[in-house]
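Here are some friendly notes to read alongside the model. Please keep the structure open as you go through the points.

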Amino acid sequence: AFEKKGDISSSLLALRRLSKDYPDSKWVNDARFKIGTLLVREKEYKAAIEEFRRIVTASKDRPDLVADSLSYIGQCYEGLGDQAQASKAYLRVIKEYPESEAADWARFRKGGQAYKQKNYHQAIEYYQAVAIGGRSKELSARAQYSLGECLMAKGDLDEAIAEYLKIGYLYPEQKEWAAKGQFQAAQIYERQERLMEAEKIYEMIIKTHKEGEIAKLAKKRLS
């Protein structure tokens, strides 16, 4: 209730009291996990890491919760600027819980790390793994979009166009990411002075997404 009202401090206080007063409850690690996620929202990464580590130690019988906690530990270390520790956490998730959704997120974030380091080959491998085998359609669509970004950064523009446009075919329910991919493809066509192709895509975006923000951008490009 506190959280719905935006009172995160009160939520944290209530959850901490619960975990302290009922340390043997089967729900105690769920409370700790919620504490950790709230601390992440507040960018209190060190405190969040402590909560997630307690879960990893105490919840061996709940692999999904451990996997999610390890993934969050990686995110926290990224927030602290410690890429090495973040990578260590992500790789542990991928190795020990390869079939979990947390592992998909870990692969996606490893792809992001590789992209920032301009190691596009490795980034593409991670993103492809998520795009092809991800358990979340939304995350898979994001990974597919990121494939296009990697190829564009490499200068493989025609391949980038193909990957961007695949989003709409592979994940038609992910309309926002499909539109973003289409817009990026059209932008590349403009750079290549293939204006008719660009115009067709912009018109498709306007028709499909009507008054959305991406449609407004497409209208600007056409004008």
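**Notes on the helix packing and the aromatic rings**

1. The cover over the buried residues of α3 includes α2 (28-41), α4 (63-79) and α5 (83-96). Buried stands for under 20% relative accessible area, exposed for over 50%, and partly exposed for what lies in between, with a 1.4 Å probe and protein chains only. Helices are DSSP runs of H or I with at least four residues, strands are runs of E with at least two, and both are numbered from the N terminus. Contact is taken as heavy atoms within 4.5 Å.

2. A word on the source: this is a predicted model, in which local features need pLDDT of at least 70 and side-chain atom pairs count only at pLDDT 80 or more, while totals for chains, interfaces and linings use all residues. Residues are numbered from 1 along each chain as its sequence is written, and side-chain values use heavy atoms, with hydrogens and water left out.

3. Which residues of α3 are buried? They are Y45, A48, I49, E51, F52, I55 and V56. These residues lie on the same side of α3 because they cover an arc of only 165° around the axis, the arc being that of the directions from the helix axis to the C-beta atoms. On the other side of α3, K46, E50 and T57 are exposed.

4. The length of α3 (residues 45-58) looks as you would hope: its 14 residues reach 20 Å from first C-alpha to last, close to the 20 Å expected at 1.5 Å a residue. The expected span is 1.5 Å times one less than the number of residues in the helix.

5. α4 has 17 residues and reaches 24 Å between its first and last C-alpha, close to the 24 Å expected at 1.5 Å a residue. Its buried residues include L65, V66, A67, L70, I73, C76 and Y77. What do the buried residues of α4 pack against? Their partners are α2, α3, α5 and α6. After α4 comes G81, with a positive phi near 85°.

6. The aromatic pairs come to 9 in number, counting rings of Phe, Tyr and Trp (its six-membered ring) whose centres lie within 6.5 Å; planes under 30 degrees apart are stacked, over 60 edge-to-face, and the rest tilted. F33 and Y72 are an edge-to-face pair, at 5.6 Å centre to centre and 75° between the planes. This pair links distant parts of the chain, with F33 in helix α2 and Y72 in helix α4, 39 residues apart.

7. Y72 has a second partner in F52: that pair is stacked, at 5.1 Å centre to centre and 10° between the planes. F52 lies in helix α3 and Y72 in helix α4, so the pair ties together parts 20 residues apart in sequence. F33, F52 and Y72 form one aromatic cluster. Within this cluster, F52 is buried at 0% relative accessibility and F33 is buried at 17%, whereas Y72 is partly exposed at 24%.

8. How many disulfides are there? The count is 0, with a disulfide being a pair of cysteine sulfur atoms within 2.5 Å. C76 is buried at 1% relative accessibility, and C150 is buried at 0%.

9. Please also look at D104, in helix α6 (residues 101-116). D104 counts as buried because its relative accessibility is 1%. Leaving aside residues up to four places away in sequence, D104 touches V130, G133, G134, R135 and L139.
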